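Work through the following exercises with the sequence and the model at hand. Each task is followed by a solution in steps.

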Amino acid sequence: MPWLKVQDNGQGISEEAMNYLFEPFYTTAKDGNGLGLYLCRELCHANQATLDLEETPKGASFVITFAHPHRQFQ
């Protein structure tokens, strides 16, 4: 399956935040609205792809797994 990984080397994501990461309106930022990762995951699902957080020793890593290129969309 084709995939895309986006990774940074920042502070990472806390255990508490991991539980709510893709929930709408959940944010740890002062100026955020909590819709970014929620909308990303919804767009992936609408296109038969998945968006997942991958454990890394440092930073954060997200993987989008796309639908098979020959799959027929319904």
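**Exercise 1.** In which loop is the place of glutamine 48?

Solution. Glutamine 48 lies in the loop between α2 and β2 (50-54); helices (H or I, at least four residues) and strands (E, at least two) are DSSP runs, numbered from the N terminus. This is a predicted model, in which local features need pLDDT of at least 70, side-chain atom pairs count only at pLDDT 80 or more, and totals for chains, interfaces and linings use all residues. Residues are numbered from 1 along each chain as its sequence is written, and side-chain values use heavy atoms, with hydrogens and water left out.

**Exercise 2.** Describe phi and exposure for glutamine 48 and phenylalanine 25.

Solution. Step one: most residues other than glycine have a negative phi. Step two: glutamine 48, not a glycine, has a positive phi of about 55°. Its relative accessible area is 24%, so glutamine 48 is partly exposed (buried is under 20%, exposed over 50%, partly exposed in between; 1.4 Å probe, protein chains only). Step three: phenylalanine 25, in the loop between α1 (15-20) and α2 (36-46), has a positive phi near 70°. Phenylalanine 25 is exposed because its relative accessible area is 59%.

**Exercise 3.** Which residues form the largest nonpolar core?

Solution. Such a core is a set of buried Ala, Val, Leu, Ile, Met, Phe, Trp, Tyr and Cys residues joined through side-chain atoms within 4.5 Å. The largest has eight residues: Leu21, Phe22, Cys44, Ala49, Leu51, Ala60, Phe62 and Ile64. Leaving out residues up to four places away in sequence, the contacts (heavy atoms within 4.5 Å) of phenylalanine 62 include Leu21, Phe22 and Leu51.
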